[in-house]
Amino acid sequence: MTKATVAAVVLGKMAGGVLAARFGAKRVTVVSLTVAAVCFAFGSIPVFGLCALLCFNMTMPLTLYALWRRFPGYPGTVFGSLTLALFLGFLPSHYGISLPIGGVFGSMLSLLLLWKAVEDA
């Protein structure tokens, strides 16, 4: 992984929380995942690939916050369940299994799944 890739992932997570506080979680989710889908379509061009990573990662803190609002008495469980989901998502690539889900489809699927879950506070 390059430094630019790591920076895009980290800055995306940070920007998601900051922008959601300013513009609302649902708006940031819709815009970031839509932009991510477009950028993933042109992901072979490095600047679009980095933009896709940045925008896709913006929803991570929003998902964490949405789950925490649903289960406020269990912050550790909420964080642990998202960590488990990240680990499960990593396993196919670790074992050399290629899934037929590209970045464009993955972004739109994420938007569909998060549409109701992420609501403005």
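Five helices of this predicted model each give at least two residues to the lining of the largest pocket: H1 (3-23), H3 (46-57), H4 (60-70), H5 (75-94) and H6 (103-117). H6 provides the largest share of that lining, with six residues. The volume of the largest pocket is about 880 Å³. Its lining comprises 23 residues, and those nearest the centre of the pocket are Phe56, Asn57, Ala85, Leu86 and Ser110. By class, the lining of the largest pocket holds twelve nonpolar residues, ten polar residues and one charged residue.

The second largest pocket has a volume of about 220 Å³. Ala66, Arg70, Ala117, Val118 and Glu119 lie nearest the centre of this pocket, which is lined by 14 residues. H4 and H6 each contribute at least two residues to the lining, and the largest share, seven residues, belongs to H4. The lining of the second largest pocket divides into eight nonpolar residues, one polar residue and five charged residues. H4 and H6 also appear among the helices that each supply at least two residues to the lining of the largest pocket.

**Helix packing**

The geometry of three helix pairs is listed below.

| Helix pair | Axis distance | Crossing angle | Handedness |
|---|---|---|---|
| H2 and H3 | within 8 Å | roughly 155 degrees | left-handed |
| H1 and H3 | within 7 Å | roughly 30 degrees | right-handed |
| H1 and H2 | 7 Å | about 125 degrees | right-handed |

For H2 (residues 25-41) and H3, the axes cross at roughly 155 degrees. The two helices are therefore roughly antiparallel to each other, as angles over 145 degrees count as roughly antiparallel. On the H2 side the contact is made by Ser32, Leu33, Val35, Ala36, Cys39 and Phe40, and on the H3 side by Phe48, Cys51, Ala52, Cys55 and Phe56. Ten of these contact residues are nonpolar, one is polar and none is charged. Phe56 of H3 takes part in this contact and is also one of the residues nearest the centre of the largest pocket.

How do the axes of H1 and H3 cross? They come within 7 Å and cross at roughly 30 degrees, which makes H1 roughly parallel to H3. The crossing is right-handed. From H1, the residues Ala4, Thr5, Ala8, Val9, Leu11, Gly12 and Lys13 meet Leu50, Leu53, Leu54 and Asn57 of H3. The contact of H1 with H3 has seven nonpolar residues, three polar residues and one charged residue. Asn57 of H3, which meets H1, is among the residues that lie nearest the centre of the largest pocket.

The third pair is H1 and H2, whose axes are 7 Å apart and pack at an angle of about 125 degrees. That angle makes H1 oblique to H2. H1 passes H2 in a right-handed crossing. Gly16, Leu19, Ala20 and Phe23 of H1 make the contact with Ala25, Arg27 and Val28 of H2. Five residues of this contact are nonpolar, one is polar and one is charged.

H1 thus meets H3 through residues that include Ala4 and Lys13, and H2 through residues that include Gly16 and Phe23. H3 in turn meets H2 through residues such as Phe48 and Cys55, and H1 through residues such as Leu50 and Leu54. Both H1 and H3 each supply at least two residues to the lining of the largest pocket.

Note on methods:
Residues are numbered from 1 along each chain as its sequence is written. This is a predicted model: local features need pLDDT of at least 70, side-chain atom pairs count only at pLDDT 80 or more; totals for chains, interfaces and linings use all residues. Side-chain values use heavy atoms; hydrogens and water are left out. On a 1 Å grid over the protein atoms alone, a cavity is a set of points where a 1.4 Å probe fits but cannot get out, and a pocket is an open set with protein on both sides within 12 Å along at least five of seven lines; lining residues have an atom within 4 Å of a point. Grid points are joined across faces, edges and corners, and a volume is the space filled by probe spheres set on the points. Helices (H or I, at least four residues) and strands (E, at least two) are DSSP runs, numbered from the N terminus. Ala, Val, Leu, Ile, Met, Phe, Trp, Tyr, Cys and Pro count as nonpolar, Asp, Glu, Lys and Arg as charged, and the others, Gly among them, as polar. Axes are lines fitted to C-alpha atoms, for helices over the stretch in contact, and angles run from 0 to 180 degrees between N-to-C directions. Angles under 35 degrees count as roughly parallel, over 145 as roughly antiparallel, 65 to 115 as roughly perpendicular and the rest as oblique. A crossing is left-handed if the near helix is turned anticlockwise from the far one by less than a right angle, and right-handed if clockwise. Contact means heavy atoms within 4.5 Å.
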